[in-house]
Every structure is written in C-alpha cells, then in structure tokens.
Amino acid sequence: MTRLGETLAAYQARDPAARSKLEIFLLYPGVHAILYHRLAHFLYCHGLKFLARLVSQWSRFWTGIEIHPGAKIGRRFVIDHGMGIVIGETAEVGDDCLIYHGVTLGGTGKDHGKRHPTLGNNVMVSSGAKVLGPFTVGDNARIASNAVVLKEIPPNATAVGVPARVVRIAGEKVDYTTSVDQIHITDPVQKELQALSSRLEFIEMLLDEQSRQGNL
Ligand SMILES: CC(C)(COP(=O)(O)OP(=O)(O)OC[C@H]1O[C@@H](n2cnc3c(N)ncnc32)[C@H](O)[C@@H]1OP(=O)(O)O)[C@@H](O)C(=O)NCCC(=O)NCCS
C-alpha cells in the first residue's frame, strides 16, 4: 500500500495533467501495468512461469504496456501515457525512473543471459526511444525522444540521436572540437630541427675538446 501511495504521488509530481490520486489510480494505464507486474513477478519468482506470463499478457492487452514478468522494476516508476512499451526479461529499472510511450528496453538479439539494459535511478527515457543491450544507463541520465541507445550511458548525461551519442553531461555541452586547442599545437618539423641542432652543438663541443687536447 505504501508503494502504491508513493507511486501515485510520483505520477502527481511528474505529470502536470494529473489531478487527483484517485483519478490516477483509476485511469492511468502505467499504474495498472505496475500492479499487474508485481503479481506477475511474484508468480515468476515462485516458478509459476506460465501464470506469470498470462498475467503480463493480460496486462498488455489492457494497457499496451508489455513488461516481462522477470524484469526488475524499482520504486516510484512512472510510465507516462503507456502504449507501445516493451520491457524485456532481464531488464532492470532503478528507483524514480520515468518512461514515455513507445519505449523499448530490449535486446539486440546478439546476447545471451543478461540481454536487456539496466537503468540507474532517476533516469528518463523519452517517447519512442529504444535502449538495446545489456549495458547500464547511469543515474539521472536523460535519453532523448526517438534515440536508439546501443552502449553504456554515463550518469547525468543526455543522449540523443541514432545511434545515440552523449551531448550533455550535467547540463554542460560535450563538444570535443571546441575544447581542443587548435592554435597552441607543437610543430613536429620544428621539434625535429631542434633535436638536430642540439646534436650538432654536442658534436661541435666534442670536436673542440679533442682539438684542445691535440688529438686532431
Ligand atoms: C533530451 C531531452 C530530455 C532534453 O534534455 P536536455 O538535457 O535538457 O537537453 P537539451 O534540450 O539542452 O538538448 C541538448 C541537445 O540535444 C538536442 N536534442 C534534444 N532532443 C533531441 C532529440 N529528441 N533528438 C535529437 N536531438 C535532440 C538539442 O537540440 C540540443 O542540441 P545542441 O547541443 O545542438 O544545442 C528532450 O529534448 C526530450 O527529448 N524530451 C522528450 C520528452 C518526451 O518524450 N515527451 C513526451 C511527452 S508526451
């Protein structure tokens, strides 16, 4: 009950259109999907895999949200809008995550065992984004709408595009072309000339010494 209460509060905090907890409880498919998932996960963990799958497919039919019974979901998980969401068997979702419609937490088909991603805490996966593979998306990361994420994303990062690339870390631009100093660069030819000149000086010094000693 506490878990349900905090989930409803999370919806209220994250969705400006949400009016009351009662309305959220009765009408939000994300809440229904999570309640069904809790039952399905319990059955899955107790070896009742067929029943677990039955519950999750029933939930999918009503909500458009398919969460495999084996997936591990954290607290206060908010699924905004629902519909077209797939969360794979070995996916893990941390606390306080937010995902929108059209999100897939899936596999690429290349991995065995752990095949699906792990979301840290407070991760946002925007509408239509696909996160594919057994890597981690760090705490507080934001995945942009329609991004396709194929590798690990560090904490506090914003990742956009196909394939996704990190464009911000903690709100700061990640732009290597402007951070590289293109003016104060060492000239390799000049370095080589300096090396030759010091060798020449050394040889001249040796020759001077030899001639002073009368060896030349
Ligand atoms: C990514 C997002 C979360 C914003 O995160 P942010 O950390 O505040 O990032 P910014 O808005 O500063 O954008 C960073 C850069 O990514 C680009 N960007 C943002 N969203 C993008 C997207 N979906 N696809 C491609 N590029 C995107 C911005 O243009 C900006 O580019 P720049 O570096 O050239 O300026 C937001 O753009 C987003 O996708 N929100 C979708 C939420 C959603 O699904 N809503 C559905 C409600 S129904």
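**View 1. A hairpin joins β15 and β16 in this predicted model.** Two residues sit between the strands. One residue of the turn, A170, has a positive phi of about 50°. The two strands run antiparallel and are joined by two bridges. Look for R168 and K173: K173 in β16 is the bridge partner of R168. Strands of a sheet pair through backbone hydrogen bonds, either parallel or antiparallel.

**View 2. A second hairpin links β14 and β15.** Here four residues lie between the strands. G161 takes a positive phi near 90° in this hairpin. The strands run antiparallel, with four bridges joining them. A157 has I169 in β15 as its bridge partner. The loop between β14 and β15 also holds P163. The peptide bond leading from V162 to P163 is cis, and its omega is near -15°. Most residues other than glycine have a negative phi, and most peptide bonds are trans.

**View 3. R168 lies in strand β15.** Is R168 buried, exposed or partly exposed? R168 has 15 C-beta neighbours inside 10 Å, so it counts as partly exposed. Now compare sequence with space. R168 and T158 are 10 residues apart in sequence, yet their C-alpha atoms are 5.0 Å apart. Setting aside neighbours within four places in sequence, R168 is in contact with A157, T158, K173 and V174.

**View 4. Seven strands form an open sheet.** Their order is β3-β6-β9-β12-β14-β15-β16. The pairing is mixed. Which strands stand at the edges? They are β3 (78-79) and β16 (172-173). Each has a single partner strand, so one side of each is left without a neighbour in the sheet. Elsewhere in the sheet, β6 (residues 98-99) and β9 (residues 124-125) pair in the parallel sense over two bridges. In this pair, L98 stands opposite M124.

**View 5. Twelve named residues can be traced around the ligand, including Y100, S126 and S127.** R142, A144, S145 and N146 also surround the ligand. So do T158, V160, G161, V167 and R168. Which strands each supply at least two residues of this shell? Strands β14 (157-160) and β15 (165-169) do. By class, the shell has four nonpolar, six polar and two charged residues.

**View 6. N146 and N156 both have a positive phi of about 65°.** Neither residue is a glycine. N146 lies in the loop between β12 (142-143) and β13. Around N146 there are 15 other C-beta atoms within 10 Å, so this residue is partly exposed. N156 lies in the loop between β13 and β14. With 18 C-beta neighbours inside 10 Å, N156 also counts as partly exposed.

**View 7. Five strands make an open sheet with parallel pairing.** The order is β1-β4-β7-β10-β13. At the edges are β1 and β13 (148-149), each pairing on one side only. Strand β10 (residues 130-132) pairs with β13 in the parallel sense, over two bridges. K130 stands opposite V148 in β13.

**View 8. Helix α3 covers residues 29-45.** How far apart are its end C-alpha atoms? They are 24 Å apart. At 1.5 Å a residue, the 17 residues should span 24 Å, so the two values agree. The buried residues of α3 are G30, V31, A33, I34, Y36, H37, A40, H41 and Y44. What covers them includes α1 (2-14), α2 (21-27) and α4 (49-63). Strands β1 (65-67), β2 (72-73) and β3 also belong to this cover. After the helix comes G47, with a positive phi near 80°.

**View 9. The largest nonpolar core has 46 residues.** In soluble globular proteins, nonpolar side chains tend to be buried together. The residues with the most contacts inside this core are I99, V125, V131, V137, I143, V149 and A159. Which element gives the largest share of the core? Helix α3 does, with six residues. Take V149 as a guide to the contacts. Not counting residues up to four places away in sequence, V149 touches A129, K130, V131 and L132, among others. V137, I143, A159 and A164 are also touched by V149.

Methods
Residues are numbered from 1 along each chain as its sequence is written. This is a predicted model: local features need pLDDT of at least 70, side-chain atom pairs count only at pLDDT 80 or more; totals for chains, interfaces and linings use all residues. Two strands pair if DSSP finds at least two bridges between them. A residue is near a molecule or strand if its C-beta atom, placed from the backbone, lies within 6 Å of it. Ala, Val, Leu, Ile, Met, Phe, Trp, Tyr, Cys and Pro count as nonpolar, Asp, Glu, Lys and Arg as charged, and the others, Gly among them, as polar. The expected span of a helix is 1.5 Å times one less than its number of residues. A residue is buried if 20 or more other C-beta atoms lie within 10 Å of its own, exposed if 12 or fewer, and partly exposed in between; C-beta atoms are placed from the backbone. Two residues are in contact if their C-beta atoms, placed from the backbone, lie within 7 Å. A nonpolar core is a set of buried Ala, Val, Leu, Ile, Met, Phe, Trp, Tyr and Cys residues joined through C-beta atoms within 7 Å.
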